[in-house]
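I pulled up a new model today and kept notes while clicking through it. Here is what I looked up, in the order I looked.

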Amino acid sequence: MSSPTLRKRSTPKRVDKSVETKSKTKTIDYGRPVHKFEESLLTSTSGFDNYRGLVNLCLILLILSNFRVAFENVLKYGVLIDPLQITKIFLEDPYRWPSASLVLFSNVFIQLTFFTEKLLAARKISERLGRYLEIFVLLSMLIVACTVVLVFHPPPWAALIAVAWYTVIWLKLISYISVNMWYRMGIMKQDGQVSNGKPETANLVMFPKKLKHRRVSMNVT
């Protein structure tokens, strides 16, 4: 009989537990920085230049803080200003308020210019007469403003506001007069046709339909 072959049992190898635990645990680098370095948005080198949101936030905080103080004063002391009394004082003695009177009186020159343009549009007066009237109105604006400031001696800040107001209106009226004159010249040359000859502009508001109080107020203001 042949001798039976003996099988060798494979004995499992022992693995060192210390090596196995070291392989499973992660090595932590405590010297590695956690945060990423970036430029501040408030510096010029960050490339950020849209500060509109920050400005709006500052304005909102400023308005809210001042509104709180004003509201507390109203609750504590009440309304200390009587608008009716101020209006009464102004109507009784308007010479004490020369700058305010100047600002209110500027509407007279605006209306005179408007009615002059209406007469020119209806061809009730000639172009030469209308031009003389408008020059007279514009010169009167400058003379009235300077005379009131020199005679009544209002406070400097009030005089500055009134003179600036008259300067802006004076320039606006010159623009208004010039544009209306250009419209009249275009209509006289082409007998009511569209000035540039393009059909897509035929539905636009043409002179003299645009001479209205609403439009002259929009132009001046």
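**Entry 1: overall layout.** I counted seven helices and zero strands in the protein chain; helices here are DSSP runs of H or I with at least four residues, strands are E runs of at least two, and numbering starts at the N terminus. Read along the sequence, the pattern I get is α-α-α-α-α-α-α. Note to self: this is a predicted model, where local features need pLDDT of at least 70, side-chain atom pairs count only at pLDDT 80 or more, and totals for chains, interfaces and linings use all residues. Residues are numbered from 1 along each chain as its sequence is written, and side-chain values use heavy atoms, with hydrogens and water left out.

**Entry 2: surface and contacts.** I noted an accessible surface of about 18800 Å² for the protein chain, with 65% of that belonging to carbon and sulfur atoms. Those areas come from the Shrake-Rupley method with a 1.4 Å probe, and for residues only the protein chains shown count as cover. Of the 221 residues, 18% count as buried, meaning under 20% relative accessible area; exposed is over 50%, and partly exposed lies in between (1.4 Å probe, protein chains only). Then I looked at contacts, defined as heavy atoms within 4.5 Å. Among those between residues at least 6 apart in sequence, 69% join residues at least 24 apart.

**Entry 3: the record.** I checked UniProt, where the unreviewed entry annotates residues 54-71, 100-120, 132-152 and 158-179 as "transmembrane region". The positions are in the numbering used here, feature names are shortened, and annotations may be inferred rather than shown by experiment. In the model, residues 100-120 are 100% helix and 0% strand, and the end C-alpha atoms lie 32 Å apart. Residues 158-179 are also 100% helix and 0% strand, with 32 Å between the end C-alpha atoms.

**Entry 4: helix lengths.** I compared end-to-end spans with the expected value, which is 1.5 Å times one less than the number of residues. Helix 2 (residues 52-77) has 26 residues and reaches 37 Å from first C-alpha to last, close to the expected 38 Å. Helix 4 (residues 98-121) has 24 residues that should span 34 Å, and its end C-alpha atoms are 35 Å apart, which agrees. Helix 5 (residues 127-152) should span 38 Å with its 26 residues, and the 37 Å between its end C-alpha atoms agrees. I also checked what follows each one. Gly78, just after helix 2, has a positive phi of about 85°. Arg123, just after helix 4, has a positive phi of about 60°, and His153 follows helix 5 with a positive phi near 50°.

**Entry 5: buried faces.** Which residues of helix 5 are buried? I listed Gly130, Glu134, Val137, Leu138, Ser140, Met141, Ala145 and Val148. In helix 4 the buried ones include Pro98, Ser106, Ile110, Thr116 and Glu117.

I looked at two buried polar residues of helix 4 separately. Ser99 counts as buried because its relative accessibility is 9%. Not counting residues up to four places away in sequence, Ser99 touches Pro154, Ala158, Ala159 and Ala162. Thr113 is buried too, at 2% relative accessible area. Leaving aside neighbours within four places, Thr113 is in contact with Val137, Leu173, Tyr176 and Ile177.

**Entry 6: rings.** I found four aromatic pairs. Rings of Phe, Tyr and Trp (its six-membered ring) pair if their centres lie within 6.5 Å; planes under 30 degrees apart are stacked, over 60 edge-to-face, and the rest tilted. Phe109 and Tyr166 have ring centres 6.3 Å apart and planes at 75°, so the pair is edge-to-face. This pair links distant parts of the chain, as Phe109 is in helix 4 and Tyr166 in helix 6 (residues 156-190), 57 residues apart. Phe109 is buried at 4%, and Tyr166 is buried at 4%. Phe114 and Phe115 are also edge-to-face, since their centres are 5.4 Å apart and their planes at 65°. Phe114 is buried at 3%, whereas Phe115 is partly exposed at 45%. Ring pairs link Phe105, Phe109 and Tyr166 into a cluster.

**Entry 7: the core.** I looked up the largest nonpolar core, which has 13 residues; such a core is a set of buried Ala, Val, Leu, Ile, Met, Phe, Trp, Tyr and Cys residues joined through side-chain atoms within 4.5 Å. Leu102, Phe109, Leu138, Met141, Tyr166, Ile169 and Leu173 touch the most other members. Helix 4, helix 5 and helix 6 each supply at least two residues of this core. Outside its neighbours within four places in sequence, Met141 contacts Phe109, Tyr166, Ile169, Trp170 and Leu173.
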